[in-house]
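Subject: Handing over the structure

Dear colleague,

I am passing the structure on to you here, and my notes on what was found in it follow directly below.

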Amino acid sequence: MAGTVAEAEREYDEFEFWLVGRVVEVAGREALAATPTGKTILEHLATLQNGAAHRWDDRRATVQRFDTNGNGVIDGDESNAVLESFSKSVGRQARRKL
């Protein structure tokens with residue numbers, strides 16, 4: 001059961017990321033930036049891109065995403081980027097648990 005719930009959460013996150021990205025693509029950033037609702041959509045996309053949709057329990061994906069120097073580990077400035085992204089996303093993920 002836990003695996004099914006985790007899979008559903010992952011699929012929801014992927015769908016949301018796709019959907020918001022598609023809305024921005026179709027409507028256009030300029031048009032969205034001209035309205036309060038559009039600005040909210042752009043802010044939401046930025047939140048998703050900054051790690052809100054990242055599955056933090058997937059170590060390999062985390063290293064792949066943040067290992068900018070390609071040495072296979074998170075170190076130096078990479079660890080700061082991980083911490084910043086994680087802190088921006090953890091509250092959002094906690095609210096979404098199925």
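L19 lies in helix α1, which covers residues 2-27, and in this predicted model L19 counts as partly exposed because its relative accessibility is 37%, a value that falls between the 20% limit for buried and the 50% limit for exposed residues. Together with F15, W18 and V23, L19 forms a nonpolar patch on the surface, and the accessible area of these residues taken together is about 390 Å².

Helix α1 also holds a charged pair, since a salt bridge joins R22 to E25, with 2.9 Å between the closest N and O atoms. Both residues lie in α1 and are 3 residues apart, which is about one turn of the helix. The two partners fall into separate accessibility classes: R22 is partly exposed because its relative accessibility is 36%, whereas E25, at 58%, is exposed. A search of the whole structure finds 1 salt bridge.

As to the interior, the largest nonpolar core consists of 6 residues, namely V20, V24, L32, L42, L45 and L48. At least two residues of this core come from each of α1 and α3, the latter spanning 36-52, and α3 provides the largest share, with 3 residues. One member of the core, L32, has contacts that can be listed in full: once its neighbours within four places in sequence are left aside, L32 is in contact with V23, V24, A27, G38, K39, I41 and L42. Among these partners of L32, V24 and L42 belong to the core as well, while V23 is one of the residues of the surface patch described above.

Helix α3 is also where E43 is placed, and E43 is exposed, because its relative accessible area of 54% is over the 50% limit. Between E43 and A33, which are 10 residues apart in sequence, the distance in space is 9.8 Å from C-alpha to C-alpha.

Further along the chain, N69 sits in the loop that runs between α4 (59-66) and α5 (77-96). With a relative accessible area of 49%, N69 is partly exposed; I would read this class with some care, given that exposed begins over 50%. The side chain of N69 reaches the backbone nitrogen of N71 at 3.2 Å, and, when residues up to four places away in sequence are not counted, N69 touches D75 and E78.

For the protein as a whole, there are 5 helices and 0 strands, so that reading along the sequence gives the pattern α-α-α-α-α. Of the 98 residues in the protein, 27% are buried. The protein exposes about 6,700 Å², and 57% of that area is supplied by carbon and sulfur atoms. If one takes the contacts between residues at least 6 apart in sequence, 51% of them join residues that are at least 24 apart.

Please keep in mind, when you work with any of these values, that they were computed from a predicted model.

With best regards

Key. Residues are numbered from 1 along each chain as its sequence is written. This is a predicted model: local features need pLDDT of at least 70, side-chain atom pairs count only at pLDDT 80 or more; totals for chains, interfaces and linings use all residues. Side-chain values use heavy atoms; hydrogens and water are left out. Patches are made of residues with over 30% relative accessible area and no salt bridge: like charges are joined within 9 Å, nonpolar side chains (Val, Leu, Ile, Met, Phe, Trp, Tyr) within 5 Å. Accessible areas come from the Shrake-Rupley method with a 1.4 Å probe; for residues, only the protein chains shown count as cover. A salt bridge is a side-chain nitrogen of Lys or Arg within 4 Å of a carboxyl oxygen of Asp or Glu. Helices (H or I, at least four residues) and strands (E, at least two) are DSSP runs, numbered from the N terminus. Buried means under 20% relative accessible area, exposed over 50%, partly exposed in between (1.4 Å probe, protein chains only). A nonpolar core is a set of buried Ala, Val, Leu, Ile, Met, Phe, Trp, Tyr and Cys residues joined through side-chain atoms within 4.5 Å. Contact means heavy atoms within 4.5 Å. A polar contact is a pair of N or O atoms within 3.5 Å; within protein, one must be able to donate a hydrogen and the other to accept it, and residues adjacent in sequence count only if both atoms are side-chain atoms.
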